[in-house]
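Let's take a friendly walk through this structure, with helix packing, charged pairs and surface features as the main stops. Have a look at it before reading on.

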Amino acid sequence: MDSHGFLFNLVVFLSATVIAVPLFARRGLGSVLGYLAAGICIGPWGLGLINNVGDLLHFSEIGVVLLLFLIGLELEPRKLWAMRRPILGVGGSQVLVTAALIFGVGLWLGARWQTAVVAALGLALSSTALGLQLLKEKNLLSTPAGAAGFSVLLFQDIAVVPIIALIPLLGFEAAAAAGGASTPVIIAVVLGVLVIGRFFLRRIFAFVAATGVREVFTALSLLVVGGFAILMDYLGLSMALGAFLAGVLLADSEYRHALESDIEPFKGLLLGLFFISVGMAVDFGLLLENPLPIIALTAALVALKAAVLYAIARISGLDARQRGVFSLTLAQGGEFGFVLFGFAVAAGAMEAAVADLLTLAVGLSMACTPLVLIANERWLEPRLFPAAEPRMDDITDNQNPVIIVGFGRFGQVIGRMLMAGRITPTLIDNNPEQLERVRRFGYKSYYGDALRLDVLRSAGAAQARLIVLSMADKETVNQAVDLIRKEFPGLKIFARAFDRGHAMHLIDNGVDGFARETFAAALELGTDALMEFGFSAPHAKRLSERFRQFDMDTLHQQVKVRHDEKAVISIARTARDNIEETFAADREQDER
């Protein structure tokens, strides 16, 4: 490829990324689906802007390699050893059971046993890049479902070693063409790499780090990842596995965090390129020739893998609410299938027509996975596990002069101060878990919704002197203010303001008092900062109080023109000049 061609492809790739991914992400469809859609649009079956899909897909696998390296960095050898049971149990069961079922279906359909074996092993594996990205986007990596998913994907990456070693044995007439080393050589080299890497990698990094040249350290990081990956690829193994081993070897080193910061930008961009390449690789020509068989094959693959994963999740004790997302996240085929089926064709273990069909099914299953997860999240799970609305508590302690609505981190401080002053508040919250937590500390609190008039009346709003709205949602606070002002005009309202704009809204709607949730803490820290630069403690505290008063006066001025942005900015600039002059004059007086 010439430089102009490469630059054109780069511009097309980046343009598709910055257009499609934000659009899909803003609509809650996830970035992965955006990358896949971008690939379909710019690929051979879309606008045709890029046609060398094979080369691009091979290059973009570097993103998967870097992803596995970063995962390896998070797993110290001791931690990896501690995970051996879920890796072997959950991961091993998934691969063996899925492969056995697909092998049986292949024989039943009349395939050669060699073809059935390759298809079973290739389709049993899931997409590491897609699965981990989806789990990360949904913040599930730290959940039991995420841990189980990671165990399955890790076992699959390890399983690549024996699978690759097995393929040449299935195609005797073309074993030489398949390439790769013999199994004893593979084992010896891998063990040698682990031993040598364990003893020498840290010394090499220490030598380079001592130079203090950051870009050389970054170059060494990429060199280690690429070197391990190429070595494994030369042996006929997975490049991602080589990168993972490199990461594990450096996981407990003092350079781990520096390596993560150096590799992360490359990983994100190249992983996006990989997903775009998968979208480009979908052969819509073959799909249009045989739409029903291919769609049926893809649906059957996803359904079978999801069923096996769901059964394993249930046996392993995974929570019922997490079984669906766990099984559907890993129900697709994997990127390794693209490599394995081509490898099998070269070895004579699979017919080219079958490989093309299976490759298309894998690509479609990967493209459909984000959509399947969205359908599960929006329609299936709400019907299977409808959220039970807890019954509102009967509020018996309703003669107190103060009602606090929202007893989280903000409301608890107010409640504790009132109780310290021997003023007993009625505590209401609509988060059952939060209520259970504070009740363990001895607080008498009730489950209720401040937007319901019957709850407010039951809490004694008609007789109370003050209600404090400290809920964690701005719109809920606003709605509660409107309701209370209308139904209980004599009740004073103190409200939690989330920012300056929200404070203006509350003032405009007649609240009696408000507090911006971060303002007081920032003011306190600013006072400490002034003292750090030589201001005496009394002087710094006096300036802090003046700043607070200036800010409050400015805020009340801005409320009157809050819909005129230019006027708001003009008032802010004038106030800033005034406070600077006041501070300067105050310091001159303090220094006399």
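In which hand, left or right, does α5 pass α15 in their crossing? The crossing is right-handed, a label used when the near helix is turned clockwise from the far one by less than a right angle, with anticlockwise giving left-handed.

Before going further, a word on the ground rules: this is a predicted model, in which local features need pLDDT of at least 70 and side-chain atom pairs count only at pLDDT 80 or more, while totals for chains, interfaces and linings use all residues. Residues are numbered from 1 along each chain as its sequence is written, and side-chain values use heavy atoms, leaving out hydrogens and water.

**Helices around α15**

Helix α15 spans residues 291–315. Helices here are DSSP runs of H or I with at least four residues, strands are runs of E with at least two, and both are numbered from the N terminus. The table gathers three pairs that involve α15, with axes fitted as lines to C-alpha atoms over the stretch in contact and angles running from 0 to 180 degrees between N-to-C directions.

| Helix pair | Axes come within | Crossing angle |
|---|---|---|
| α5 (residues 84–108) and α15 | 10 Å | roughly 140 degrees |
| α15 and α16 (residues 320–329) | 8 Å | roughly 140 degrees |
| α15 and α18 (residues 352–384) | 9 Å | roughly 60 degrees |

What do these angles make of each pair? Helix α5 is oblique to α15, and α15 is likewise oblique to α18. The crossing of α15 with α16, at roughly 140 degrees, makes that pair oblique as well. The classes are roughly parallel for angles under 35 degrees, roughly antiparallel over 145, roughly perpendicular from 65 to 115, and oblique for the rest. As for handedness, α15 and α16 cross in a right-handed way, and α15 passes α18 in a right-handed crossing too.

**Charged pairs**

Side chains of opposite charge can pair when their charged atoms come close. How many salt bridges does a search of the whole structure find? The count is seven, where a salt bridge is a side-chain nitrogen of Lys or Arg within 4 Å of a carboxyl oxygen of Asp or Glu.

One of them joins Arg457 and Glu487, with an N to O distance of 4.0 Å. This pair links distant parts of the chain, since Arg457 sits in helix α21 (residues 453–458) and Glu487 in helix α22 (residues 474–487), 30 residues apart. Arg457 has a relative accessible area of 53% and is therefore exposed, whereas Glu487, at 30%, is partly exposed. In these terms, buried means under 20% relative accessible area, exposed means over 50%, and partly exposed lies in between (1.4 Å probe, protein chains only).

Helix α22 also takes part in a salt bridge between Arg485 and Asp512, at 2.9 Å from N to O. Asp512 belongs to the loop between α23 (500–508) and β6 (513–516), 27 residues from Arg485. Both partners are partly exposed: Asp512 at 41% and Arg485 at 24%.

A further salt bridge pairs Arg500 with Asp551, their closest N and O atoms being 2.8 Å apart. Here Arg500 lies in helix α23 and Asp551 in helix α25 (residues 537–559), with their positions 51 residues apart in the chain. Is Asp551 buried or exposed? Its relative accessibility of 12% makes Asp551 buried, while Arg500 is partly exposed at 25%. Through shared partners, salt bridges join Arg500, Arg516 and Asp551 into one network.

**Other residues in helices**

Phe547 is found in helix α25 and is partly exposed at 33% relative accessibility. Its C-alpha atom is 8.6 Å from that of Leu523, although the two are 24 residues apart along the chain.

Gln434, in helix α20 (residues 432–439), is buried at 10% relative accessibility. Gln434 and Arg409 are 25 residues apart in sequence, with 10.0 Å between their C-alpha atoms.

**A nonpolar patch**

Which residues make the nonpolar surface patch of about 410 Å²? They are Leu7, Leu10, Val11, Leu14 and Leu269. Such patches are made of residues with over 30% relative accessible area and no salt bridge, nonpolar side chains (Val, Leu, Ile, Met, Phe, Trp, Tyr) being joined within 5 Å and like charges within 9 Å. Accessible areas come from the Shrake-Rupley method with a 1.4 Å probe, and for residues only the protein chains shown count as cover. Helix α1 (residues 3–26) supplies the largest share of the patch, four residues. Leu7 lies in helix α1 and is partly exposed, at 48% relative accessibility.
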